[in-house]
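This briefing concerns the protein shown below. Please keep the sequence and the structure in view while reading.

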Amino acid sequence: MMLYLNEIVAIQILGEITSGTIVPFNSFEINLTLKNSERVHVTDHNNLKSIINDATELSEFLDAAIWTNES
């Protein structure tokens, strides 16, 4: 997929409780939100602090807002 940096309008952080395993756990992901409303997955894992740090660095580099499922 060809992606130009000027197509990115926001960094999206999503959180969910994953229940597909024996013990449910928190999962967080970062997506790039594009001008055409498409999302491009970047990463996901269970460390919210790390996800926020990664999203903040991306946001500063790309000069793009951070969106969460709370905003």
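Which residues are buried in α1? They are I51, A55, S59 and L62, where buried means under 20% relative accessible area and exposed over 50%, with a 1.4 Å probe and protein chains only. The model is predicted: local features need pLDDT of at least 70, side-chain atom pairs count only at pLDDT 80 or more, and totals for chains, interfaces and linings use all residues. Residues are numbered from 1 along each chain as its sequence is written, and side-chain values use heavy atoms, with hydrogens and water left out.

**Overall architecture**

- The protein has one helix and four strands, arranged along the sequence as β-β-β-α-β; helices (H or I, at least four residues) and strands (E, at least two) are DSSP runs, numbered from the N terminus.
- A box of roughly 40 × 25 × 20 Å, taken along the principal axes, holds the C-alpha atoms.
- Of the 71 residues, 25% are buried.
- Among contacts (heavy atoms within 4.5 Å) between residues at least 6 apart in sequence, 44% join residues at least 24 apart.

**Helix α1**

- Helix α1 covers residues 48-62.
- The expected span of a helix is 1.5 Å times one less than its number of residues; for the 15 residues of α1 this gives 21 Å, which agrees with the 21 Å between its end C-alpha atoms.
- The buried residues of α1 lie on the same side of the helix, because they cover an arc of only 80 degrees around the axis, judged by the directions from the helix axis to the C-beta atoms.
- On the other side of α1, K49, E57, E60 and F61 are exposed.
- The buried residues of α1 pack against β1, β2, β3 (39-45) and β4 (65-68).
- At the N-terminal end, N47 caps α1 through a side-chain oxygen 3.2 Å from the backbone nitrogen of K49.
- D63 follows α1 and has a positive phi, near 55 degrees.

**Residues on the buried side**

- S59 has a relative accessible area of 14% and is therefore buried.
- Not counting residues up to four places away in sequence, S59 touches I11, A64, A65 and I66.
- With the same exclusion, I51 touches I13, F28, E29, I30, T43 and H45.

**Nonpolar core**

- The largest nonpolar core, a set of buried Ala, Val, Leu, Ile, Met, Phe, Trp, Tyr and Cys residues joined through side-chain atoms within 4.5 Å, has twelve residues, including I8, F28, V40, I51 and A64.
- At least two residues of this core come from each of β1 (8-18), β2 (25-34) and α1, and β2 gives the most, with four.

Technical notes
A polar contact is a pair of N or O atoms within 3.5 Å; within protein, one must be able to donate a hydrogen and the other to accept it, and residues adjacent in sequence count only if both atoms are side-chain atoms.
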